[in-house]
Amino acid sequence: MDLHLRLAHWIRTHPRTIDVCLVLAILLLFVLPFAADGVTGYTLIVGVSMALTVPLVWRRSRVVLSAGLVASVSVLQLVTGTEPVAAQFVILITLYTLAAHGPRWAGLGGLGLAVAGTAIGLVRYGAMIGLGPGQPVLTTVPLFLILLFLVESLVLLAWTLGDLSRSRRLAYQALEDRTRRLEVERQQERDLAAADERSHIAREMHDIVAHSLSVIITQADGARYASAQTPELAVRTLGTIAETGRGSLREMRRLLGVLRGDETASTRPLPTLDDVDSLVQSVRRSGVHVACRRTGSPRGDLPPGAELTAYRVIQESLTNVLRHAGAATTAEVVLDHGPRGLGITVDDDGRGAAADPATAGARQGIRGMTERVRLYDGSVAAAPRSGGGYRVEAFIPYTQA
């Protein structure tokens, strides 16, 4: 930090020390010289100067009290006819402080009192400032008006500088308050973003784990039954289980690596619509006959997040088929690129979730699909088919330019 910045900071943080030094400097410069010169009435000069100067010690901590003491001494001088002293200029310092740090009513009241007191003082002590000994002030009106203008200008200048300082301080405080509010708002936004990210991670983890475990469980059951009669089939099934587990582990590591900010984590993109065929192949290896059809041609762009959402909808639907549709099930996935967006339909001819005691698990997955698709202004509908089986329909509109 530069020297002047350190000095400015020290001055702001030690106001009482600065004020005490100011009082001592005024006494040394404007009181002691009169003692050295042997000025008559030195005791009175010292008393009046002390009475005017010492209240400056509290000029910022007790603004109104300090200004009131200085004003009382000045008024008492006018009433008793005590001559002005060299330290009388502390009235300007007091007026500045009152305008800068005191209440508004006190600042305006101090200004009015200083303006009136200055004019009265010029009239009363005119002979001392060269208006002519023994002459009425009104006989030298031009000189009186010039002096009055100059002195009142100093009074107004002191008050104006104090008022400007007050405005600057209030503006600085307003900026500090605004900065604190913005920091609080930024922290709230970060917290909301973190909560949203945790929700996103939870959905991703649910999709990955639910699908992978469903495939693994189905394959493991098949391998158990096939191991006695067809060992070769059991071996292939165990290979599928291992491949599915490794793939899921890779996805979870990548997902958690992004969450941790791990630079060494895999940066392979998350699944998109191009990965649907691989997903269908993995489900086929689990014993479900799945067909995938694509109709139409894209007439707009889907953001990467929307493609991931579409992939997760298909994944969750096929996972529900594995869980609830029963053996020898046939399913069909249709991706229809229409004029307004992508339509997704997943049909199966199994028992469906309606007749399955584990309906709650399927319904939870459907709620997750709905939340995902709504982020992209889409919709999801899922219900048992009238002829048996289950149907999931989703629609995701294209990105609007």
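Let's start with isoleucine 314. Setting aside neighbours within four places in sequence, isoleucine 314 is in contact with Val276, Leu279, Val333, Leu335 and Ile344. Keep in mind that this is a predicted model.

Now the core around that residue. Ile314 is among the residues with the most contacts inside the largest nonpolar core. That core has 32 residues. Val288, Val290, Leu302, Leu318, Leu342 and Ile344 are also listed among those with the most contacts there.

Which elements supply at least two residues each? The helices are α10, at 276-284, α11, at 304-324, and α12, at 359-374. The strands are β2, β3 and β5, the last at 390-397. The largest share comes from α11, with 8 residues.

Another core lies apart from this one. It has 15 residues, including Val48, Leu52, Val57 and Val73.

On to the strands. Take β1, residues 289-296, and β2, residues 330-337. In which sense do they pair? Parallel, over 8 bridges. One example: alanine 291 has glutamate 332 of β2 as its bridge partner.

β2 has a second partner, β3, residues 341-348. Here the strands run antiparallel, and 7 bridges join them. Glutamate 332 turns up again, standing opposite aspartate 347 in β3. How many residues lie between β2 and β3 in their hairpin? There are 3.

To recap on β2: it pairs with β1 in the parallel sense, it runs antiparallel to β3, and it supplies at least two residues of the 32-residue core.

Note on methods: Residues are numbered from 1 along each chain as its sequence is written. This is a predicted model: local features need pLDDT of at least 70, side-chain atom pairs count only at pLDDT 80 or more; totals for chains, interfaces and linings use all residues. Side-chain values use heavy atoms; hydrogens and water are left out. Two strands pair if DSSP finds at least two bridges between them. Helices (H or I, at least four residues) and strands (E, at least two) are DSSP runs, numbered from the N terminus. A nonpolar core is a set of buried Ala, Val, Leu, Ile, Met, Phe, Trp, Tyr and Cys residues joined through side-chain atoms within 4.5 Å. Buried means under 20% relative accessible area, exposed over 50%, partly exposed in between (1.4 Å probe, protein chains only). Contact means heavy atoms within 4.5 Å.
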